[in-house]
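Here are my notes after a pass through this one, in the order I would raise them over coffee. Have the viewer open while you read.

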Amino acid sequence: MSICDVGFWAEMTEQIASCVAPRCVLCTLQLKGDDDIFVTSRANPAYQPAKYFACMVNCPHINGLAHGCHSVCSQVGLLSLAACEVNCWDNDFSLSAERSSDYQYHLLRNGNTMLDIARSAIQAEENITQACKAQMNTAHCIWATYVTLRGESYLSSLSNDPDGILLYDPIVKPAADIIYFARGPLGVQNILFACSADEVELETVRWNWWQHMPFSAGQSIYFDFDGLKIRNIHGNQEGNPKRPLWSAPSLRPSLVHFPLIQHSQPARFNRITVNDPEITGYSIAWNAARRALTMVAHAPSSDLHCYDEFPERGTTWFYIALGSGELLKDIWRRDCHSHPHRGVDLIIATSLDNVYVVGPHENPNRRYSYSRLAVLRDGPNYLYIDDSVGFIRELAFDPEPGSNSNTWEDYRPVPISPNPGNNPNCWNISESFFYTSAPLDDLLGVNLCQFNDMVTERLLLTCPSSSVFAIGGHSVVVQISPSIVAKVAVHPGDSRLQNEQKIFHLLEQTGCRYIAKCLFRGTDVSFLECLPHGTLRDRISIISEAPRPVLQWMLQLSSAVACIENLGYAHGDINPQNVLVDDNDQLKLIDFDHALPIGDPVDVGYEPYVRQYRAGAKDEGGAFGVAGPTTEQYALGSLFWYMSRGTELYSELEGPDRVERLMDDIFPEVNLEDPIDKIIDSCWRGRYNRVADLLGEIEGIAGSTTKEQKLVDGDEEVEKRRVCEEYYNSATRP
């Protein structure tokens, strides 16, 4: 039977009842969707061919966890079940995408290939013995032996019998009362007996972590032996609780732990130095879901490699600049009781009373509470951050003894702009996640952002009542009258604004009332109708007695997207921020910067309005698939859910969990007897061949219940176009 026989693979896959661990037991690299693999388990020790599919988020693995290997790796041989146990990853050591790449680079160093790594695993099998639990006694000397696997050294045995390297002598180290040991995904790689009063400095690689365990003279120490190496070390026969793991040996009994989210795995803390005189500032990374990803300290000698760790798309970096002698002083937390699923926002206050709220502006319609987590020490110290899974999920501080008498009212910051991010009339992205209040006494200079300053400045000067309406990633929106705004490219010749202008040109003959109208186009600037009532997100998130006309909104947005589809294009970035509300509570689609021909790869967007595809998936194109009816109706389905529920799809889940569910096509149960829910489910599952078919179904349900939009007066529109042209000529005249 050929290994390429599709029918054979499908038949054998159905016979595999267990979930499969996500890493190849031969090369240890990540298995990806639809990879050809061979699988073995305790229930079925004989290897079977299969296709790899990741199990669902928080899967209980009812039938156990099977071991798998890439079919290409199997060319060098297949491991015994015992050898698979030796080569499987510990579940506590999942890596973020960035650190998985680091790990892969480390394995493939020196010209190694996947087959080279797999071959070393096969070669180690002859040294594998029976797995067991064992113990040693600290009343006597302790020796250790080591073994090499895939070029890495692991602790193989601990014994009171003289064999190997002497680690601990109770006579030489009578004050020793703590064991530090470094664990990686495959076992213990280093161990140190020390005195808890001593400062220990031993860094490790990014996928290894230190734990500590106190002991007393004569105490027995237990460990798990997997047949080749030691997996873990315990202080009793029952095993350790979920002890935190640290990037370097650390014993700080006074540490205050603060989880931003609840999680079942042990925390894995990296550390950054804070309040060192050399530090000039800190950077905080954010993603589109308003999740803090990591925090980095800067000194004159620092490099900027930290900015390469996260992809440019979807990540925003914010900088905390420190004045001379300025230190981090207080760490606060803010809880939003109206939306507890959104987690907790951190607030950082400095010794100069500058305040940084790592979160959105307060919404006057929600209730907040504030509490101090810690007062930091004045001198150099560490801040511990668990960002091991790709975002910050827990912090630990070493606080200053005593207390600070300041209250939150002493720190409450004032937004920089008069129109902060939660104002429905102005979506100022630069202030929606992060803002400061700072005295200007020590201001040394100002580094202004340049937004195509010629056009922007002249528009502001030409129009006496004009003002900057909003600032986006690559454009500035200037309001030049109550009914007109000008969208100006940040950089002259920006291809995204040019792309949007091309779409507006194609739309001129369609007359779709549910797409924001372009009144005039010029070089690096588009003049658009002004819709000052904010975005769909503002309309839904702000408490209002007005009912949401969901069915009307569904019809309006589907009409807009079907109109674009009829031109051979997809919008490519449908989300609540790109939908505006007009005077009549009707919706209009905006922002065609990322519109693209049907069939092109989609690389822009954020969950749940896009979804990633596993490698090998049939729709795989760009990061989020291939532009067309499938991607557009999926975004619309998630938008319809948001309209009808008032909360986004899987908003209660953390980012990685949400991504996994969407990748696996796991959606909430809906009432298929309800026409709106039925449409949502059909959109998620791509049941419409065209968006026009979706529109037809909505029209059949809506009938004549939708309100007609007020027709635009032709003379009024002509006059607006004339005004825009005059503004443009005035702003660009030499």
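**Notes on the fold, loop by loop and helix by helix**

1. Let's start with a backbone oddity. Asp-585 sits in the loop that links strand E33 (579-581) to strand E34 (587-589). Its phi is near 65°, a positive value in a residue other than glycine. Bear in mind throughout that this is a predicted model.

2. Thr-28 belongs on the list of positive phi values too: its phi is near 65°, and it is not a glycine. Look for Thr-28 in the loop between strand E1 (19-24) and strand E2 (36-40). Is Thr-28 buried or exposed? With a relative accessibility of 0%, Thr-28 counts as buried.

3. For the overall picture, the chain's secondary structure comes to 13 helices and 35 strands. The chain has 734 residues, and buried ones make up 52% of them. If you take contacts between residues at least 6 apart in sequence, 68% of these join residues at least 24 apart.

4. Now to strand E6 (residues 142-149), where you'll find Leu-149. Leu-149 has a relative accessible area of 2%, so it is buried. Leaving aside residues up to four places away in sequence, Leu-149 touches Asn-87, Ser-120, Ala-121, Ala-124, Tyr-154, Leu-186, Leu-228 and Lys-229. Take Asn-87 from that list: it is 62 residues from Leu-149 along the chain, with 9.1 Å between the two C-alpha atoms.

5. Gly-187 is worth viewing alongside that, in strand E10 (residues 187-194). Gly-187 counts as buried, because its relative accessibility is 1%. Tyr-154, listed above as a partner of Leu-149, is also touched by Gly-187, together with Ala-182, Ile-230 and Arg-231, again not counting residues up to four places away in sequence. Leu-228 comes up here as well: its C-alpha lies 9.8 Å from that of Gly-187, with their positions 41 residues apart in sequence.

6. Helix H6 (residues 495-507) looks regular in length. Its 13 residues reach 18 Å from first C-alpha to last, close to the 18 Å expected at 1.5 Å a residue. At its N-terminal end, Asp-494 acts as a cap, with a side-chain oxygen 2.8 Å from the backbone nitrogen of Arg-496.

7. Which residues of H6 are buried? They are Leu-497, Asn-499, Glu-500, Gln-501, Ile-503, Phe-504 and Leu-507. A reminder for reading such a list: an α-helix has 3.6 residues a turn, so residues three or four places apart point the same way. The cover over the buried residues of H6 includes strand E29 (484-489), strand E30 (518-522), strand E31 (525-529), helix H8 (550-566) and strand E32 (569-570).

8. H8 deserves a point of its own. It has 17 residues and reaches 24 Å between its first and last C-alpha, close to the 24 Å expected at 1.5 Å a residue. H8 is mostly covered, with 15 of its 17 residues buried. Just after H8 comes Gly-568, which takes a positive phi of about 90°.

9. Staying in H8, have a look at Ser-559. At a relative accessible area of 15%, Ser-559 is buried. What does Ser-559 touch, not counting residues up to four places away in sequence? Its partners are Cys-512, Tyr-514 and Leu-695.

10. There is a cis peptide bond to check, running from Glu-607 to Pro-608, with omega near 10°. Pro-608 is in the loop between strand E35 (596-597) and H9. Ser-651 is 43 residues from Pro-608 in sequence, but 8.7 Å from it in space, C-alpha to C-alpha. Ser-651 has its place in the loop between helix H9 (629-645) and helix H10 (655-663), and at 10% relative accessibility it counts as buried.

11. Last, the helix pair H11 (residues 675-684) and H12 (residues 691-702). Their axes come within 11 Å and cross at roughly 175°. The cut-off for roughly antiparallel is over 145 degrees, and H11 and H12 are therefore roughly antiparallel to each other. On the H11 side, Pro-675, Ile-679 and Cys-683 meet Leu-694, Glu-697, Ile-698 and Ile-701 of H12. By class, this contact has six nonpolar residues, no polar ones and one charged.

Definitions and conventions
Residues are numbered from 1 along each chain as its sequence is written. This is a predicted model: local features need pLDDT of at least 70, side-chain atom pairs count only at pLDDT 80 or more; totals for chains, interfaces and linings use all residues. Side-chain values use heavy atoms; hydrogens and water are left out. Axes are lines fitted to C-alpha atoms, for helices over the stretch in contact, and angles run from 0 to 180 degrees between N-to-C directions. Helices (H or I, at least four residues) and strands (E, at least two) are DSSP runs, numbered from the N terminus. Angles under 35 degrees count as roughly parallel, over 145 as roughly antiparallel, 65 to 115 as roughly perpendicular and the rest as oblique. Contact means heavy atoms within 4.5 Å. Ala, Val, Leu, Ile, Met, Phe, Trp, Tyr, Cys and Pro count as nonpolar, Asp, Glu, Lys and Arg as charged, and the others, Gly among them, as polar. Buried means under 20% relative accessible area, exposed over 50%, partly exposed in between (1.4 Å probe, protein chains only). The expected span of a helix is 1.5 Å times one less than its number of residues. A polar contact is a pair of N or O atoms within 3.5 Å; within protein, one must be able to donate a hydrogen and the other to accept it, and residues adjacent in sequence count only if both atoms are side-chain atoms.
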